[in-house]
Structure formats: structure tokens, C-alpha cells
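Trainee: Please put the model up, and then let us go through it by question and answer.

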Amino acid sequence: MGKRRVRGPALAGLSKRQKRHLRDFGEQHPVRDAVSGREVTQICELPENSDQSSSESDAENESERVSDYHKLLALLKTVPGTEEEEDEDESEEGDESEAESNSEGPQEVGGTDEEDDESDVLGQEEVAAKDTIKQALGQEQADETHNSGDPKHGAIEEFTDVKHESEFSLETNFMEEESGDYSTAERESSSSREVSEEKPLHYRISVFHMDPYRAHMNKELEKKEIENISACSKTTSQLKWPTLGQLVFSSVTQKLKTFKPDKEMDLERLHLHKPLDSTWPKVNSQLLSMLNKPSDSPFTLLQRELFCIMNLYKDLLYPERAPLGNGEEIRQTYCLHALNHVLKANAQVLSNNAKRRDQKLGVDNDDFRDQGLTRPKVLIVVPFRESALRVVQIFISLLESGSKKQIDVSNKKRFKGEFGSDPDEKPPNLKRPEDYEAVFAGNIDDHFRIGVAVLQKSMRLYAPFYSSDIIIASPLGLRTVIGAEGEKKRDFDFLSSIEILIIDQADIYLMQNWEHILHLMNHLNLLPLSPHGVDFSRVRMLNLNNWSKYYRQTLLFSALQDPQINSIFNKHCFNYRGQVAVRNVPMTGSINHVVVQLPHVFRRLESDSLVSVIDARFQFFIDKVLPEYRDAVMSHTLIYVPSYFDYVRLRNYFKKEELNFTYACEYTKKSSISRARQFFFKGERQFLLFTERFHFYKRQTDIFVGHLAL
């Protein structure tokens, strides 16, 4: 055996390929650097037709305008296939070097033993380095999966279902035609292709537009249309429907034309995916019987008109949602639409999986572009866990109603335990109005999020976000995941390919924190910062071009009309299909419901701008309104303040002026609230400062005595 040569520390951990690259180019290969504490530099291969080819790598300082597609590729940490190709090349070179050393073995025995010994050591180092890289990549993927459900990325452990990952993977499953789940839309699509070869253009268009989902997602917008939508140059028209009433329809790309709801809803014309076409009448019949509606139609009059707009993939603002009235009608309608969309999208992917399996290798086909950059397609924002529980229950009913065999729902027991409520938790003597009981029924925790994956006849609850089809969350639950600018650990890539956004009970978010909704809207449909294992050959061009927001449908439901809700609908909805807003003029007010005869005085103040209106209102109140109520005759004056910031400002002013007052807000302790009520009731305090959020959450009815100053 030859004596082993002593190597320098810089060369001790290098493989043969690294040494060869170091000898030829005078530097180590950037991809093959040893894994250390610092970040490993990666490269990505661009297509041959890319403007940034390898020959132009020396001109990095030149400013070039890169398309969104190339920007997306430039952000990738790893490119599928690159590592495997390089590993294959390295293994081939290793085989060649072993063959050469074996052939030269009889000529130089001592040298051969030394080289063989070195190659064994180096081979072990290569294997160890590869294992380290795999472990690092695996840990990074595990962290991504864990962080998608963790609000503070490890600060609070949150359960996510990783056990059923392979069963609900869209990449490894195929359409089960024999089970009866084969999509009707797929059959229509295949038949339309056959007809298109024989029939003229006008007939092809009529066949193609039969399925609203395909008509919407397969529409290819032009760059000029995108510019017009971005410029918000909309044209509007007014329509009047029998149930919804006055509608305002606005659009940029589509010609404004009168469209009316069908008098009779034929389920075949709605193109509901199986099994929704058979389960929906059974599920909705329970609601129809509760509302004493005729059961000859599968929809109520309100559901018929709402679903007509939803199924056309237009944005919708409905500000007349009533907790005691049509709340469940609306919830079941948008659940039907969301589940129908997901089932059609997944059926298309599974069908194309089977076609790609039978296709020859190396053949590229743009017909298989059927996915977004990430899997989540539908985002449902609800205020409380009780609302999320009802949504999931409707999903389960729509998938299994009437069938002898129930669908497989993973983690169902855990879900009911975390999102359900205990009837014994409610105080027995607590009496509140009916609308309060309807809003705050069940589990009213407002910090939650859950991923739902739907695949054929199974449903997976607590799925990781990047393996989910539907995400149900509260604004606070999403905010803790999205994070704020400057935070190291934040994630909002799962929002990049949202196709349907449903914001239910939007008026409640005004009482929670409206900033969370604005923060969410600002992070929707952005290019992801990481590929998350996506197959770019299956991604739609609209997603690669960063045009997802122009295809996203937004459904907003509220109990009242509010400028902030209208602002969301007008400034954050860019659907090329257009927007439909219900704009009925209120015919009955609430002021005539006041039983006690009290004078109602409305004051008008002038302000130079919207920026200065807050200061102008405060100054007007302390100069004009408050002096009128300082008289001893006005011994019980309740000051109702909608904004918490105005409340704090007014409270500080009262303390500074040493006025005889007490206060109650949503953050006041129970003992302080009881003491304030006693002081105000007995007349020991002349003023009571009262916030709108306190009234919303507490609804103290016996505190309203005396006068009211706004």
C-alpha cells in the first residue's frame, strides 16, 4: 500500500468533480460547494428561447427588461430535474474514473492502491455531502409545510395532516372513470374538440361556452385588455331583478348587455359536477322546508339569482345579508359554487394526468396547462370558528348526501372538537337580542385557519396549505401567517393562485380589525417567492404572466352598505368578467324604532379635506356640542363613539378637563364595567363614554338611559 498523501484543509472536502472544476477554471463550482451554515448559491436553467441565456451571463450589469415569466424563474431556489441530471453526470464520470483506474491497476500497483484509497474516501465524502444536502432540503420542505399552518412559525404548534399527503396528491392520482366520477365537463370538452374539426366557428364557440368554468379559465386575455382593466376604465349599467332588486353591472372588457336570471333552474344547464347535481336538491331541501318554501325548485328565489351571477364568474357585492333571515341561504349557495369549481379543476388535472401517462415521453403539449403556481384555488374568509364549521358541514353533505356509503373525511373528529362548541359553556341567565344570538352562536374564536383538500370521494381536513384546494380562515388567522414587511418568517405564496375569494359577513370585520382585510387583499395573487414543487409545464400562462387577479372572482356578503366595504369591491376586484353590486335604496330606517320620545338633532360640520375631517370633528364636538350637555340638568349623557381612536382622544380630554365621567370599551375589565354601570345608573357620573365595538360584543341593554350625544 502506498503512503497516503497529506492534503491541505481546503482540498480535504472536495470531490473529484470539484477538483476538476478547480483545476480547469481556478475556482470551485458554485452549485457543488459543501453545505455549510451560509446560504448555498443555486442556478436555474432557462429555456433556449430565453433572453437570459448562459452566453449573456457576463453582461449582468446591463439593465434588461425581463418578463414576469423570467422573473418567476429567477426566484427559484431549485429547478426540478437539474439536481438529478448533475448527479447522473457525476456518477457517470465516477464510473469512467473507476474504469480507468482499474485498467491501469496492473501497471502501477502502489499508485493504484493509493488512488483507490483516495477515491473511496472521496466517494464517502460525496455521499455524506449528498445526504447532508438532501437532509437540508427535506428539512426546508418540512419547515414550509409546518409554517403554512403555524402563525408564528414554531411559536405555536398547530396540527397539519401529513399522513394522507400521497392519497390527496394531484400529481400522483388519476381520474377513476369506472367509478362514475368522470367529469361531464371532460366529456363535453372532448366532444367539442371533435365537433370543432367539422363545424364552423360560430358553432364551436357555442359548444365551448356551455361550461362556465372552462369558458372563464380558458379565456386568453390580450395585453391591451389587461391595460384597460388596470386603468379602471369601466362602463356601468343598471339592471333590476325580481329578488335582488337594483343591480349595478360594470365591466371593462365585456360588452354591457342585459342578462336576466332563468325563470326555471335546470341543473343540467348549470353544469354541476358529479355528485353535486344529485346531492344539491337533497341538501337544500332541508333549508326549503325550514323556510316554508316550495320544494319543486332546488333553489330559493334568492339562491337562484345569486347562483346565476356566481356561475357566470362575475364579482358580486351583496350588502343585504341578514343573520336571522337569508344567512344560511347565502352560505349554502357559495359553498355549492366553490365546491363545484374545485371538483371541476381537480377533475381536469386528474384527467390530464392519465393522458400524460399514456403520452410519449419528451412531447410538450400546452393543452395540459391546467394548474396555478400553487394548489389552493378557493379562499373563504369567515369571522368565527362556528362559521367555518358550518361551511365544512355543507361541503360534506354535498359530497355524500343520499349515497349509501359516506365519504372518507380525515381528521373529522378532531375538527369537530376544535371548531365545535359546548352548550354548557353559555351562561344560562344571559339574555341577548335574537340577532346577537344568531351572530355569536357556537364557537366564536376568531383566530383560526384550516386547509381542505378534496379528491374524488374523499376530503382531507387540516391539509397543509400547499396541498389544499380550499382554505377557510379568519382575517386574524391569515394575518399571523402573512406577517408584516420586515419579518424574517412570513408566508403568503399560498395566495398566489386563488381563483375564488369569498368574504362572508364582512360587516363583522369592521368590528374586528379591518386592517387585516386590507392586508390580505394586498397579498393576493402575487408571484410566489418559491416554486413549492410546481411543474411549470402544467401551469397556465395567465399565472406565469402574473395575470391571476384578472381572473379571480370575488364574492362579498355583508349586512350593510359601508364605504370601506365598497372600497374593497371597487379598488381590489379586477375580474375581466365584470362586477355586479346590489344597490337597493333603504326604504325603512331604524330611527322610527325608538320607542321613547327623544329629540333627534343632526349637526353638520365643514372640513377642508378627508385628512383633516378627524380633527375638525373632534374640535366641533368639544366647542359646539359638549358645552350644551355640561348643565346639571343633563345628568345622564351617554356619548357613543364609533372609533376606538376617537374614544381614547376624547377620554384623555375628559381627564384633562376633570369632567365627571366614566367609560366602557371592549378592553375594559368586567369589574370596571359593572362599576361604571352603577355610577352612571345612580347619577354619580354625568357622562359615560361608550364605544361601538363594546356595544357589538357585549350588547348591554340596561345601560342605555338618558341622552345620547354623537
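The questions and answers follow.

Trainee: How many helices and strands does the protein have?
Mentor: The model is predicted: local features need pLDDT of at least 70, side-chain atom pairs count only at pLDDT 80 or more, and totals for chains, interfaces and linings use all residues. Residues are numbered from 1 along each chain as its sequence is written, and side-chain values use heavy atoms, leaving out hydrogens and water. Helices (H or I, at least four residues) and strands (E, at least two) are DSSP runs, numbered from the N terminus. The protein has 24 helices and 15 strands.

Trainee: What percentage of the 710 residues of the protein count as buried?
Mentor: Buried means under 20% relative accessible area, exposed over 50%, and partly exposed in between, with a 1.4 Å probe and protein chains only. By that cut-off, the buried share of the 710 residues is 44%.

Trainee: In what order do the strands of the open sheet stand?
Mentor: Two strands pair if DSSP finds at least two bridges between them. The sheet has 11 strands in mixed pairing. β1 (235-241) and β5 (408-410) are at the edges with a single partner strand each, so one side of each has no neighbour in the sheet. The order is β1-β2-β11-β3-β10-β9-β4-β8-β6-β7-β5.

Trainee: By what angle are neighbouring strands of this sheet turned against each other on average?
Mentor: Axes are lines fitted to C-alpha atoms, for helices over the stretch in contact, and angles run from 0 to 180 degrees between N-to-C directions. With direction ignored, the average turn between neighbouring strands of this sheet is 15°.

Trainee: Which residue in β8 is the bridge partner of Val 378?
Mentor: Strand β4 (378-381) pairs with strand β8 (470-473) in the parallel sense through four bridges. In this pairing Leu 379 has Ile 471 as its partner. The partner of Val 378 is Ile 470.

Trainee: Which residue in β9 stands opposite Ile 380?
Mentor: β4 is also joined to strand β9 (500-503) by four bridges, and these two strands run parallel. Both faces of β4 are covered, with Val 378 and Ile 380 buried on one side and Leu 379 and Val 381 buried on the other. Opposite Ile 380 in β9 stands Ile 502.

Trainee: At about what angle to β8 does helix α13 run?
Mentor: Helix α13 (385-400) lies across β4, β5, β6 (449-455), β7 (458-461) and β8. Its angle to β8 is about 150°.

Trainee: How many residues has the largest nonpolar core?
Mentor: A nonpolar core is a set of buried Ala, Val, Leu, Ile, Met, Phe, Trp, Tyr and Cys residues joined through side-chain atoms within 4.5 Å. Those with the most contacts inside the largest one are Tyr 334, Ile 380, Phe 395, Met 459, Leu 461, Ile 472 and Phe 557. Contact means heavy atoms within 4.5 Å, and beyond four places in sequence Met 459 touches residues including Phe 168, Phe 395, Ile 407 and Val 452. The residue count of the largest core is 65.

Trainee: How far does helix α12 reach from its first C-alpha to its last?
Mentor: α12 (327-358) has 32 residues, of which 27 are buried, so the helix is largely enclosed by the rest of the structure. The expected span of a helix is 1.5 Å times one less than its number of residues. For α12 that gives 46 Å, and the model is close to this at 47 Å.

Trainee: Is Ser 467 buried or exposed?
Mentor: Ser 467 is in the loop between β7 and β8. Leaving aside neighbours within four places, Ser 467 is in contact with Glu 165, Arg 375, Ala 453 and Arg 460. With a relative accessible area of 9%, Ser 467 is buried.

Trainee: How far apart in space are Ala 581 and Pro 319, C-alpha to C-alpha?
Mentor: Ala 581 lies in strand β11 and counts as buried at 4% relative accessibility. Among the residues that Ala 581 touches are Gln 246, Val 248 and Leu 317. Ala 581 and Pro 319 are 262 residues apart in sequence, and in space their separation is 8.5 Å.

Trainee: Which residues does a cis peptide bond join?
Mentor: Omega of this bond is about 5°. Its proline lies in the loop between α9 (267-270) and α10 (276-290). The residues joined are Lys 274 and Pro 275.

Trainee: What is the phi of Tyr 462?
Mentor: Tyr 462 is found in the loop between β7 and β8 and counts as buried at 6% relative accessibility. Although Tyr 462 is not a glycine, its phi is positive, at about 60°.
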